[in-house]
Amino acid sequence: MKKLIIVLMLSSAFACKETSGGKRSELELSIEQSMDRNADSLLSKKEFNSVSIGVYKNGKTFTKHFSELDKGKGNTPNDSTIYEIASLIAI
């Protein structure tokens, strides 16, 4: 059974960055869809203002940021934003 490691960094914004470049495979599209679903689930809880998700799979790194650091202030985080982190491993 393949393992997929998802790192959730609590606090972030909008852009998706796939660092390997080029056309995306079905696996890469599946990873992005999973990131979107998990972010939506977390952001539906009042405890979360924003979420950043990073995935490392088959030598490729994907990051995506959702929402704002402070609601209504337009301060969207990026890859340089510093915040507390929590990690989950999905098997």
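Analyst: A strand is a DSSP run of E with at least two residues, and strands are numbered from the N terminus. The structure discussed here is a predicted model.

User: In which strand is the place of Ser-52?
Analyst: Ser-52 is a buried residue, with a relative accessible area of 0%. The strand that holds Ser-52 covers residues 50-57, and this is strand β3.

User: Which residue does the side chain of Ser-52 join in a polar contact?
Analyst: The relative accessible area of Ser-52 is 0%. Its side chain is joined to another side chain by a polar contact of 2.6 Å, and the partner is His-65.

User: What pattern does the protein chain follow along the sequence?
Analyst: The protein chain has one helix and five strands. Reading along the sequence places two strands before the helix and three after it, giving β-β-α-β-β-β.

User: What share of the contacts with a separation of 6 or more comes from residues 24 or more positions apart?
Analyst: Contacts here are heavy atoms within 4.5 Å. Among contacts in the protein chain with a separation of 6 or more, residues 24 or more positions apart account for 66%.

User: How many residues apart in sequence are the parts that Lys-60 and Glu-28 tie together?
Analyst: Lys-60 and Glu-28 form a salt bridge, with 2.7 Å between the closest N and O atoms. Lys-60 belongs to strand β4 (residues 60-67) and Glu-28 to helix α1 (residues 26-43), so the number of residues separating the parts they tie together is 32.

User: Is Glu-28 buried or exposed?
Analyst: Its salt-bridge partner is Lys-60, which is partly exposed at a relative accessible area of 30%. The cut-off for buried is under 20%. Glu-28 has a relative accessible area of 3%, and therefore counts as buried.

User: Which residues are linked in a network of salt bridges?
Analyst: Glu-32 and Lys-64 meet through their side chains in a salt bridge of 3.3 Å, N to O. Glu-32 is in helix α1 and Lys-64 in strand β4. Lys-64 also meets Asp-36, here at 2.4 Å, N to O. The network therefore consists of Glu-32, Asp-36 and Lys-64.

User: Which residue of the Lys-64 and Asp-36 pair lies in helix α1?
Analyst: The two side chains meet in a salt bridge. Lys-64 lies in strand β4, so the pair ties together parts 28 residues apart in sequence, and the residue in helix α1 is Asp-36.

User: What is the relative accessible area of Asp-36?
Analyst: In the network of Glu-32, Asp-36 and Lys-64, Glu-32 counts as buried at 19%. Lys-64 is buried too, at 9%. Asp-36 is partly exposed, with a relative accessible area of 24%.

User: How many salt bridges does a search of the whole structure find?
Analyst: One salt bridge joins Lys-60 to Glu-28. Lys-64 takes part in a salt bridge with Glu-32 and in another with Asp-36. The search of the whole structure gives a count of three.

User: Which element of the protein chain has the lowest mean pLDDT?
Analyst: The mean pLDDT of the protein chain is 75, with 69% of residues at 70 or more. Over residues 1-20, pLDDT stays under 50. Helix α1 has the highest mean of the elements, 93, while the lowest, 35, belongs to strand β1.

Terms used:
Residues numbered from 1 in each chain as written. Predicted model: local features only at pLDDT ≥ 70, side-chain atom pairs only at ≥ 80, totals over all residues. Heavy atoms only, no water. Helix = DSSP H or I, 4+ residues; strand = E, 2+ residues; numbered from the N terminus. Salt bridge = Lys/Arg side-chain N within 4 Å of Asp/Glu carboxyl O. Buried < 20%, exposed > 50% of the residue type's maximum accessible area, 1.4 Å probe, protein only. Polar contact = N/O pair within 3.5 Å; in protein donor to acceptor, adjacent residues only side chain to side chain. pLDDT = per-residue confidence, 0-100.
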